[in-house]
Amino acid sequence: MAVKLKSESEMRIMREAGQIVGQTLAALREKVKPGVDVLELEAFVDDEYERRGVGSPFLDYSPAPKYPPYPSRICISVNDELVHGIPKHRLLKEGDIVSMDLGSVWKGYVGDAAITVGVGKVSAQAQDLIDVTSQALAAGIEAAGKAKHLSDICAAIEDAILPSGYSIVRGYGGHGVGRSMHEAPHIPNHRIRFKGIPIRTGLVIALEPMVIVGGPETYECEDGWTVKTVDGSLCCHFEHTIAIREGQPPEVLTLP
Ligand code: MF3
Ligand code: CO
């Protein structure tokens, strides 16, 4: 599938779409506390999106026939759940880490971002995992400003994670973003054996490093969506949608 570069006017709309996601995630971050039900976080998104007239690219999404339509506007994944956690009744407890992955559709364009947040005080290792993964995202964004080809971004993300000794998730990654949530190209969080597409002005992509404390293996649960680590170890996910601009660093579209 061909890469769709965005015009300045498309970019303006995507900035709005991204800001909705950034603002909603910032509000969710404040709500994450011991004793909070995951379903309350989901309900906040539902209310907020209905109030603002925002669409969701997640709700009813099914990338392939084997996936049942996704039943929520948000993915909430706790501890050993890596991504695509379907919100369900669960009281967050001190020391948990919770990933919240959120998309918007605004004036026909998509924003997509994720954060992982500690619940109360978390272990030193959990905090380190959060730091490593968010720094890997920052490294990918920085690299995108200088990259000639996609492979330069993938390598920068890999290099940011390697020294930690944690595992890089394979099989899931970032993607182009536009009128659809998932456009070309697919963006692995590790080195690739080809150069990949040239990085140029108008490219809008979501980078989303996923890191596991233990082994790299994951599996999909019976609900058809929730991805967990095989060894039960902690894992982490951060995501931003960014735009490549002429003569400027990449613009992070999904900030508040
Ligand atoms: N934001 C995620 C992604 O980039 C998750 C979407 S899965 C969905 O792929 F089912 F929730 F839509
Ligand atoms: Co994404």
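A polar contact is a pair of N or O atoms within 3.5 Å; within protein, one atom must be able to donate a hydrogen and the other to accept it, and residues adjacent in sequence count only if both atoms are side-chain atoms. The exercises below concern a predicted model, in which local features need pLDDT of at least 70 and side-chain atom pairs count only at pLDDT 80 or more, while totals for chains, interfaces and linings use all residues. Residues are numbered from 1 along each chain as its sequence is written, chains are lettered from A and ligands numbered from 1 in the order in which they are written, and side-chain values use heavy atoms, with hydrogens and water left out.

**Exercise 1. Determine where Arg73 lies, whether Arg73 is buried or exposed, and which side chain Arg73 joins in a polar contact.**

Step 1. Helices (H or I, at least four residues) and strands (E, at least two) are DSSP runs, numbered from the N terminus. Arg73 belongs to the loop that runs between helix 2 and strand 1.

Step 2. Buried means under 20% relative accessible area, exposed over 50%, and partly exposed in between (1.4 Å probe, protein chains only). Arg73 has a relative accessible area of 16% and is therefore buried.

Step 3. The side chain of Arg73 meets that of Asp46 in a polar contact of 2.8 Å.

**Exercise 2. Identify the protein donors of the cobalt ion (ligand 2) and describe their spacing in sequence.**

Step 1. Donors are N, O and S atoms within 2.8 Å of the metal (3.2 Å for Na, K and Ca); water is not among the atoms, so sites may look incomplete.

Step 2. The cobalt ion (ligand 2) has as protein donors Asp112 (OD), His175 (NE2), Glu208 (OE) and Glu239 (OE), at 2.0 to 2.3 Å.

Step 3. Along the sequence, these donor residues follow the pattern D-x62-H-x32-E-x30-E. The pair Glu208 and Glu239, 31 residues apart, links distant parts of the chain: Glu208 is in the loop between strand 8 (204–207) and strand 9 (210–212), and Glu239 is in the loop between strand 12 (235–237) and strand 13 (240–243).

Step 4. Glu208 and Glu239 are both buried.

**Exercise 3. Describe the surroundings of ligand 1.**

Step 1. A residue is near a molecule if one of its heavy atoms lies within 4 Å of it. There are 13 residues around ligand 1, of which Asp101, Asp112, His175, His182 and Glu208 come nearest.

Step 2. An N or O atom in the side chain of Asp101 is 2.9 Å from a nitrogen atom of ligand 1. A nitrogen atom of ligand 1 also has a polar side-chain atom of Asp112 at 2.8 Å. For Glu208, a polar side-chain atom is 2.8 Å from an oxygen atom of ligand 1.

Step 3. Of the 330 Å² of accessible area that ligand 1 has on its own, the protein covers 96%. Such areas come from the Shrake-Rupley method with a 1.4 Å probe.

**Exercise 4. Place Asn189 and state which backbone oxygen its side chain reaches.**

Step 1. Asn189 is in the loop between strand 7 (183–187) and strand 8.

Step 2. Asn189 counts as buried because its relative accessibility is 0%.

Step 3. The side chain of Asn189 reaches, at 3.0 Å, the backbone oxygen of Glu208. Glu208 is also one of the donors of the cobalt ion.

**Exercise 5. Locate the cis peptide bond at Pro185 and the positive phi values of Asp60 and Lys107.**

Step 1. Most residues other than glycine have a negative phi, and most peptide bonds are trans.

Step 2. The bond from Ala184 to Pro185 is cis, with omega near -5 degrees; Pro185 is in strand 7.

Step 3. Asp60, which is not a glycine, has a positive phi of about 70 degrees. Asp60 lies in the loop between helix 2 (38–52) and strand 1 (74–78), and is exposed because its relative accessible area is 56%.

Step 4. Lys107, also not a glycine, has a positive phi of about 50 degrees. The loop between strand 3 (97–106) and strand 4 (109–118) holds Lys107, which is exposed at a relative accessible area of 53%.
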